Amino acid sequence: MSTETTASVSTHILDTSIGRPARGVTVSLAARSGFGADWAALGGSRTDADGRCKDLPALPEGTTHVRLDFETEAYFSTQHGAQQGADQQAEAQQDAPRVRDSGAFFPEVAITFAVVPGEHYHVPLLLNPFGYSVYRGS
C-alpha cells in the first residue's frame, strides 16, 4: 500500500500524421477535488523535442480528477504550415472545402481522468489533424 498522498501526471504527444513526436505543444494542467468541484488551474508546460512534458506541476493533496488541455491548433499552424499550403492549393483546384486555416479539425484536446493518491498516470496523446486517441500508459 502506498503512503503517498498525491497522484502524479506525465504526458507525451506523437503526431501520427508524420510519425514523430509533437514538439512545442502547450499543455495546461488543472485539478479538482471531487465530481462537481471547481477546477483549479495548476500551470502547464510545452512539449520538448521528444514530445514530452517533463515539468508538469505537482497535484495538490485531495485531487480526484485531472484535466490536461492540449493546444493543438497552434501546433498544426506552425508544424504543418508548408504542407498545408500545398494541400490548400490542391484543394482549391478541386473545389474541396477547407476545415480550418490551421488544418486542424480539433483546435484543442481536453482529456479528463480520475486519479487516486500514490499512483502515477502517464497519458499519451496520439494526434493527427483530424483525430486523436489517448490511453493510460506506463
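This short presentation goes through a predicted model of a protein, from its overall fold to a few side-chain interactions.

Good morning, colleagues. I shall begin with the overall architecture. The protein comprises two helices and ten strands. Followed along the sequence, these elements come in the pattern β-β-β-β-β-β-α-α-β-β-β-β. In the 138 residues of the protein, 33% are buried. The contacts reach across the sequence: of those between residues at least 6 apart, 65% join residues at least 24 apart. The exposed surface of the protein is about 8,000 Å², and carbon and sulfur atoms supply 49% of that area.

I turn now to a single residue, T47. Where does T47 lie? Its place is the loop between β4, residues 40-46, and β5, residues 52-53. Is T47 buried or exposed? The relative accessible area of T47 is 5%, so this residue counts as buried, the limit being under 20%.

What surrounds T47? Leaving aside residues up to four places away in sequence, T47 touches I13, A22, R23, G24, V25, V27, R52 and C53. There is also a relation to H12: the two residues are 35 apart in sequence, yet their C-alpha atoms are 7.2 Å apart in space.

The side chain of T47 has several polar partners in the backbone. A polar atom of that side chain lies 2.7 Å from the backbone oxygen of A22. The T47 side chain also reaches the backbone nitrogen of G24, at 2.9 Å. For the backbone nitrogen of V25, the distance from the T47 side chain is likewise given as 2.9 Å. A22, G24 and V25 are thus each among the residues that T47 touches.

Let me move on to the charged side chains. How many salt bridges does the whole structure contain? The search finds three.

I shall take K54 and D48 to begin with. Their side chains meet in a salt bridge, with an N to O distance of 3.7 Å. K54 has a relative accessible area of 67% and is therefore exposed, since the threshold is over 50%. D48, by contrast, has 23% relative accessibility and counts as partly exposed.

Another bridge joins D69 and R67, whose closest N and O atoms are 3.2 Å apart. D69 is partly exposed, with a relative accessible area of 23%. R67 also counts as partly exposed, at 23% relative accessibility. R67 has a further role in the geometry of the model: this residue lies over the face of W39, at 4.6 Å from the ring centre. R67 therefore appears both in a salt bridge with D69 and over the ring of W39.

The remaining bridge is that of R136 and E119, whose side chains meet at 3.3 Å, N to O. Why does this pair connect separate parts of the chain? R136 is in the segment after β10, residues 131-134, while E119 is in the loop between β7, residues 109-114, and β8, residues 120-122; the pair therefore ties together parts that are 17 residues apart in sequence. R136 counts as partly exposed, at 47% relative accessibility. E119 is partly exposed too, with a value of 37%.

My last topic is the aromatic side chains. A pair of aromatic rings is described by the distance of the centres and the angle of the planes. The structure holds four aromatic pairs. One of them is F105 with F106, an edge-to-face arrangement with 4.9 Å centre to centre and 80° between the planes. F105 counts as partly exposed at 45% relative accessibility, and F106 counts as partly exposed at 28%.

F106 takes part in another edge-to-face pair, with Y132: here the centres are 5.1 Å apart and the angle between the planes is 85°. F106 lies in the loop between α2, residues 81-94, and β7, whereas Y132 belongs to strand β10, so this pair ties together parts that are 26 residues apart in sequence. Y132 is partly exposed, at 37% relative accessibility. Through these ring pairs, F105, F106 and Y132 are linked into a cluster.

To recapitulate, T47 is a buried residue in the loop between β4 and β5, three salt bridges are found in the whole structure, and ring pairs join F105, F106 and Y132 in a cluster. Thank you for your attention.

Note on methods:
Residues numbered from 1 in each chain as written. Predicted model: local features only at pLDDT ≥ 70, side-chain atom pairs only at ≥ 80, totals over all residues. Heavy atoms only, no water. Helix = DSSP H or I, 4+ residues; strand = E, 2+ residues; numbered from the N terminus. Buried < 20%, exposed > 50% of the residue type's maximum accessible area, 1.4 Å probe, protein only. Contact = heavy atoms within 4.5 Å. Polar contact = N/O pair within 3.5 Å; in protein donor to acceptor, adjacent residues only side chain to side chain. Salt bridge = Lys/Arg side-chain N within 4 Å of Asp/Glu carboxyl O. Areas by Shrake-Rupley, 256 points an atom, 1.4 Å probe, with all protein chains shown as cover. Phe/Tyr/Trp six-rings, centres within 6.5 Å; stacked < 30°, edge-to-face > 60°. Lys NZ or Arg CZ within 6 Å of the ring centre and 35° of its normal.
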